[in-house]
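Colleague: I am new to reading models like this one. Could we go through it together, one question at a time?

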Amino acid sequence: MAVLSLTNAHLAFGHVALLDGANFALETGERVGLIGRNGTGKSSLLKILAGLEKLDDGLLQQQQGLTNVYVPQEPELRGDATIFDVVSEGVAEAKALRERYERHDENDDLAWVQERIEHIGAWNWEQRVEETLHRLGLDGTRLVGSLSGGLKKRVALGRALVAQPDVLLLDEPTNHLDLDAITWLEGLLNDFKGSLLLITHDRQFLDNVANRIVELDRGQLRGYPGNFAAFQAAKAYELENEALANARFDKLLAQEEVWIRKGVEARRTRSVARVQRLQEMRSQHAARRDVQGKVRLDIDTGSSSGKIVAELEDVSKSFGERAIVRGFTGTILRGDKVGLIGPNGAGKTTLLKMILGELAPDSGTVRLGSRLTVAYFDQMRDTLNLDATLADTISPGSEWIEIGSQKKHVKSYLGDFLFSPARANSPVRTLSGGERNRLLLARLFARPANVLVLDEPTNDLDIETLELLEELLAEYDGTVFLVSHDRRFLDNVVTSTIVFEGDARWREYEGSVQDWLVQSKRAAQLQAQQAQAAPAAAAPTPPAPAPAPVVATKRKLSYKEQRELEEIPQQIAALEAEQTQLNALLAGTELYAQGAARIQAVTERAAQIDEELLALMERWEVLEAK
């Protein structure tokens, strides 16, 4: 049963139709991910559903008595209030009703007040707030103004959750959250009993939370069952069919245009119905909203740096009594793509500045490579002049820009990043958050550099631009330092990670985020085993006669373990063969004619095989060690 619905919804800004007769329904208990390109109107749609904005035309319906809470990208919180007070704003009605009841005002209908208190559970609103703060790991006595961006986002979520809404509307909830907080939020939303509609470009987050994807594309809302992986496969099939249908339509239209322009004899005998059909086809073609062009990314690496970019030996850094980096050793080579991972405030920026020689360590040595040319992508966009035009931001004082040996007009270059020529002279302040990030990327790639430093480049970028940026960075010949909490983006780009492990300790791992997670999990298991063995080894034992000398040998496997070890290679081979078949099925088009249930089943099985293979590999190692 739908708790919210839109019918024939229309919304436009200027000449651009954001919603063009769109329809949408949010069912009870659904967790829907809303995706689409920057500027298509996703945030506006969320505000309409929250009752903060109005449609130009169309019908918005919701269940009677429905409560919904909207959490924007940048929530407004009272900086001089405590966390407890701000979160308590979510139970404002409960507080007010209980105060009315306790005052015993003669003019009040105390029977109605008491009934309403019982209905919304207002007697114990303090307990609800305290429980929510505990779940979110928040100290209710702290002032909101002293919090980081990630903690402020938690406070806003707490204010929404304590209200126990029927519908939760979230706009980019993972922005400013670190990896641990994102994982925590996934669990929180999966346990949420109401309906959920969220906007995010974090593909891993969508895979782990959403059970339906809705895409806002050219004014229409299209729903796809399953998570983001299922959506990608279905969307590719849909776009292929749309392109074929448009090509057939355009061919027929061209034939009809030739026919209508034939000589006098043909015009005397032409069919009135055929002429009418041609006029209808012309109208359909004019009204068609084709797929928008793709961002075209390119970058000039300039001259190559030396083979070694930076070599750090036992470096440490503190600010006052707080240690940020303690005894870090590592080597960065030309072409490395390094992801820096750690909670907000751990010191990622400090470590990065020491690697690049911008900050001297308190102890240890840093040796920098030669011919380093560094370009920065700034997370907070502090370097953008909001009053400057887009053209001046890219190429101050000139209409032309040089990228390597190629010379381009600045308007053409901006067009590669989906900015129309008409917007080249618009001020930066008119851009949305995602468009400003796109402009920063355009400026970054316009300057030759052999070292790129990207600080949260994925915030506000749409998924298609993210995928293109991944491809560019994967092919980039220079060195990349990437600070991001987008796990899928990190996995697709980095070749190694530098990870915060607590107590100002940082460690370098080869491979992607998943490789780090596997390695760190194994290391934690080994440490736990050693910790358990240590007390037993330290416990005093009564003296015993010296045993006869024996030759140390490995413990023999039991018959069952031996059979298991022999069967594992065949099991792995069978799983890999099944995985190959499923990947071919997902990459083809035949699957998507078999229905949403089949698509979801194949997608889930493909993910399950990865887990089974990992478990078999780990079991193989254990048996081999015996």
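Colleague: Among contacts in the protein chain between residues at least 6 apart in sequence, what share joins residues at least 24 apart?

Modeller: Happy to help! This is a predicted model, where local features need pLDDT of at least 70, side-chain atom pairs count only at pLDDT 80 or more, and totals for chains, interfaces and linings use all residues. Residues are numbered from 1 along each chain as its sequence is written, and side-chain values use heavy atoms, with hydrogens and water left out. A contact means heavy atoms within 4.5 Å; for contacts between residues at least 6 apart in sequence, the share joining residues at least 24 apart is 69%.

Colleague: What pLDDT does the protein chain average, and which residues have a pLDDT below 50?

Modeller: The pLDDT is the predictor's confidence in each residue, from 0 to 100. The protein chain averages 81, and 85% of the residues score at least 70. One stretch has three contacts in the model beyond near neighbours in sequence, and its pLDDT is below 50: residues 546–554.

Colleague: How many helices and strands does the protein chain have?

Modeller: Both are DSSP runs numbered from the N terminus: helices are H or I with at least four residues, and strands are E with at least two. By that count, the protein chain has 20 helices and 20 strands.

Colleague: Is arginine 154 buried or exposed?

Modeller: Arginine 154 sits in helix 6, residues 149–161. Not counting residues up to four places away in sequence, arginine 154 touches Leu136, Leu138, Ala181 and Trp184. Buried means under 20% relative accessible area, exposed over 50%, and partly exposed in between, with a 1.4 Å probe and protein chains only. Arginine 154 has a relative accessible area of 17%, so the word is buried.

Colleague: How is helix 6 oriented to helix 7: roughly parallel or roughly antiparallel?

Modeller: Axes are lines fitted to C-alpha atoms, for helices over the stretch in contact, and angles run from 0 to 180 degrees between N-to-C directions. Helix 6 and helix 7 (residues 179–191) pack at an angle of about 10 degrees, with axes 13 Å apart. Angles under 35 degrees count as roughly parallel, over 145 as roughly antiparallel, 65 to 115 as roughly perpendicular and the rest as oblique. Therefore helix 6 and helix 7 are roughly parallel.

Colleague: Which residues of helix 7 meet helix 6?

Modeller: From helix 6, the partners are Arg154, Leu157 and Leu161. On the other side, helix 7 brings Ala181, Trp184, Leu185 and Leu188.

Colleague: Glutamine 164 has a positive phi; is this residue buried or exposed?

Modeller: Most residues other than glycine have a negative phi. Glutamine 164 has a phi of about 50 degrees and lies in the loop between helix 6 and strand 6 (167–171). With a relative accessible area of 53%, glutamine 164 is exposed.

Colleague: And glutamate 456, buried or exposed?

Modeller: Glutamate 456 also has a positive phi, near 50 degrees, and is in the loop between strand 17 (451–455) and helix 16 (463–475). Its relative accessibility is 5%, so glutamate 456 counts as buried.

Colleague: Which residues of helix 12 are buried?

Modeller: Helix 12 covers residues 348–355 and is mostly covered, with six of its eight residues buried. Those residues are Lys348, Thr350, Leu351, Leu352, Met354 and Ile355.
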